[in-house]
Structures are given as C-alpha cells and as structure tokens.
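Here are a few exercises to work through with the model open in your viewer. Try each one before you read its solution.

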Amino acid sequence: MSILVQNIVKKYGEQIAVDDISFSLPEKKIIGFLGPNGAGKSTTMKMLNGFLTPDEGTIFVAGISVNTYPLQAQKKIGYLPEHNPLYVDFYISEYLEIIANIHGVRQAKKKIEEVMHQVGLTPERNKKINQLSKGYRQRVGIASVLLHDPEVLILDEPTSGLDPNQVAEIRGLLKQLSSTKTILFSTHILQEAESLCQELIIINKGKILAHNSLQAIQREYSSAVIIAQFQKEVQREDFQLIEKKCSKITKKNSAWHIETQHKDEIKKAIIQLAHQGQWGLESIFDEQNSLEHIFSNLTTSASA
C-alpha cells in the first residue's frame with residue numbers, strides 16, 4: 001500500500017478534528033478526498049505529510065512511519081496545501097531552483113527543465129510568478145512538489161478558484177501523473193471527482209462515511225430513484241401504500257420521482273397500483289443518483 005492510516009485522532013482542545021479514522025490507498029491511483037468545510041480533510045492531509053502529529057494512531061507512507069521518521073517520509077511525498085505558497089517576485093526557474101536546493105535534488109537545472117516541460121510551464125519560463133495567471137501559478141506549485149520525484153502527491157484543493165479551462169488542464173496533468181504516482185487530492189468540485197478518481201473517500205465531522213470506487217459507493221449508499229409516468233392524473237396520496245418504504249415521493253413535470261432503498265419491491269408495487277387504479281402506466285425506469293446527491297445525503301444525515 002502506498003498510504004496506510006490506522007486509527008488516527010487529532011484534537012484541538014475539546015474539539016475532535018479527526019476522529020479515529022483508518023484507510024489504505026494503493027499505488028498509482030487517483031483518490032478523491034471529499035467532505036464539506038470543516039470535515040477534517042486538511043487536518044488529515046497535514047498529518048499524512050508530517051506537518052501535524054496525530055494525538056493517536058499511526059501513518060505509513062511508502063512503507064515509512066510518518067510518526068517515527070517524518071523527514072524520511074516527506075522525501076516520498078509531494079504536498080501542495082490549499083493556499084499555494086509561492087514567492088511571487090521570483091522568476092519561475094529561480095523559485096524552482098530554491099525548492100530543488102532545499103530537497104537536495106541532483107542535477108537540479110536538468111530536473112527543473114524536465115518538470116517545467118511536464119507541467120506545461122515552458123512557454124512561461126521567462127516570466128515572474130506574479131505575472132502568471134492563477135492556473136499557471138498552480139502549475140508552479142505542482143512543479144515544486146514534483147522536483148524530488150515523490151511517490152505520493154497530496155494536493156489540497158489544487159483546482160480551487162480556477163476557470164473551467166484551467167480546471168481541465170490541471171485534471172489532464174493529474175491523469176498523466178497518476179501513471180507513476182499515487183495522488184490523494186481534495187476537491188469541492190464533485191463532477192471533477194466523478195471523472196478523475198478511481199477511488200473516493202467521503203469524510204464529515206472527522207469520520208469517514210464512505211471509501212470505495214464511485215460505482216461501489218453508488219451501489220451501496222444511493223437511494224434508487226424510480227421515475228414513473230402515467231396517463232391518468234395521479235395524486236400524492238395515491239402512493240400511501242408504499243410511502244413507508246420510500247424516502248421521498250415528488251412530482252417533477254409530468255413524472256413521479258420515488259426515492260427508495262427497496263427499488264425492486266417498490267417498482268413491482270407501483271406496477272400493481274397502476275394496474276389496480278387503471279392509471280395507464282406509460283413508463284417506469286431507474287435513475288442512478290449522482291455523486292452530488294449521495295454526498296449531500298451522507299453528509300447531511302451525518303450532521304443531523
């Protein structure tokens with residue numbers, strides 16, 4: 001495993017920021033770390049990188065104990081915090097040379113050229129960082145964490161504040177990097193997580209609510225939505241016999257949307273009701289809930 005987290009806890013006074021969480025992440029995959037503000041994402045990422053020490057539990061990155069050997073573990077990690085810390089008065093190559101020297105990178109100038117090309121900074125090479133767009137500044141940040149060739153990238157909101165074109169560019173870069181590195185990144189853009197990640201971790205109030213592939217999370221946590229349309233005008237009270245096993249029954253335009261954890265049973269019951277009431281069933285089919293819907297349901301119910 002590239003990252004192994006075992007029962008870590010982090011408290012700030014009486015407040016528990018991270019509450020006894022455990023997970024393991026495989027090599028060379030992109031894992032989305034999702035949660036509302038204050039869920040514990042950034043605190044967890046800082047502990048993975050050794051910036052914060054857990055009050056309880058253990059963390060291993062690339063087989064190295066972050067608790068015991070934080071400096072050795074950090075050599076295996078490229079960490080980009082949410083607020084990209086850059087010295088904006090430097091030229092790109094000057095800044096990257098400082099970072100390379102900090103990490104003791106051999107043949108630093110050659111490596112800087114390689115990394116600038118890899119992240120698409122070569123056309124901007126003669127500019128100071130304060131002359132760059134936010135998208136290119138993010139590229140500088142990503143370049144800086146690639147210089148020492150880490151096995152693991154931990155990126156906190158790497159696309160925050162970028163326009164759609166810049167988001168697409170960073171997304172393409174992350175896909176490219178995942179062929180050789182494990183990438184754990186947090187994002188509030190759920191569509192981005194859907195399209196980019198092989199695995200997802202959903203966290204709220206310091207606890208992990210779900211950890212699996214998107215498809216597995218959809219199967220396990222989503223309420224199936226049955227969409228039914230009838231020829232006859234049907235009223236909300238006509239569904240009384242099934243409402244106890246449904247989480248929501250609403251009418252949208254001319255179709256009824258029925259959310260339930262008992263999809264097959266409820267679908268059969270709707271067909272029977274339609275037959276008995278002569279509603280004239282025109283269509284009935286399942287709608288798979290989106291990640292946004294699942295995320296909202298999980299984090300809202302956990303907050304209740």
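**Exercise 1.** Find out how accessible arginine 236 is, then identify its salt-bridge partner.

*Solution.* Step one: arginine 236 has a relative accessibility of 34%, so it counts as partly exposed; the scale is buried under 20% relative accessible area, exposed over 50%, and partly exposed in between, with a 1.4 Å probe and protein chains only. Step two: its side chain meets that of glutamate 243 in a salt bridge, 3.2 Å from N to O. Here a salt bridge is a side-chain nitrogen of Lys or Arg within 4 Å of a carboxyl oxygen of Asp or Glu. Step three: glutamate 243 is partly exposed too, at 33%.

A word on the ground rules: this is a predicted model, with pLDDT of at least 70 needed for local features and 80 or more for side-chain atom pairs, while totals for chains, interfaces and linings use all residues. Numbering starts from 1 along each chain as its sequence is written, and side-chain values use heavy atoms, leaving out hydrogens and water.

**Exercise 2.** Which parts of the chain does the salt bridge between lysine 10 and aspartate 55 tie together?

*Solution.* Start with the pair: the closest N and O atoms of lysine 10 and aspartate 55 are 3.8 Å apart. Now place them: lysine 10 sits in strand β1 (residues 3-12) and aspartate 55 in the loop between α1 (41-48) and β4 (56-61), so the bridge ties together parts 45 residues apart in sequence. (Helices, H or I with at least four residues, and strands, E with at least two, are DSSP runs numbered from the N terminus.) Finally, check the cover: lysine 10 is buried at 11%, whereas aspartate 55 is partly exposed at 42%.

**Exercise 3.** Do the same for lysine 207 and aspartate 19.

*Solution.* First, their side chains form a salt bridge at 3.2 Å, N to O. Next, lysine 207 belongs to β10 (residues 207-212) and aspartate 19 to β2 (residues 15-25), so this pair ties together parts that are 188 residues apart in sequence. Then the accessibility: lysine 207 comes out at 41%, partly exposed, and aspartate 19 at 22%, also partly exposed. To round off the topic, the count comes to 13 salt bridges, and Lys263, Lys267 and Asp286 are linked in a network of them.

**Exercise 4.** Work out which residues of helix α9 are buried, and what covers them.

*Solution.* Begin with the span: α9 (residues 263-277) has 15 residues and reaches 21 Å from its first C-alpha to its last, close to the 21 Å expected at 1.5 Å a residue, where the expected span is 1.5 Å times one less than the number of residues. Then pick out the buried residues: Ile266, Ala269, Ile270, Leu273 and Ala274. Down the axis of α9 these fall within an arc of 135°, so they line one face of the helix; the arc is that of the directions from the axis to the C-beta atoms. That fits the geometry: with 3.6 residues a turn in an α-helix, residues three or four places apart point the same way. Now flip to the other side, where Asp264, Lys268, His275 and Gln276 are exposed. As for the cover, it includes β11 (224-230), β13 (255-260) and β14 (281-287). Last, just past the helix, glutamine 278 takes a positive phi of about 50°.

Conventions
Contact = heavy atoms within 4.5 Å.
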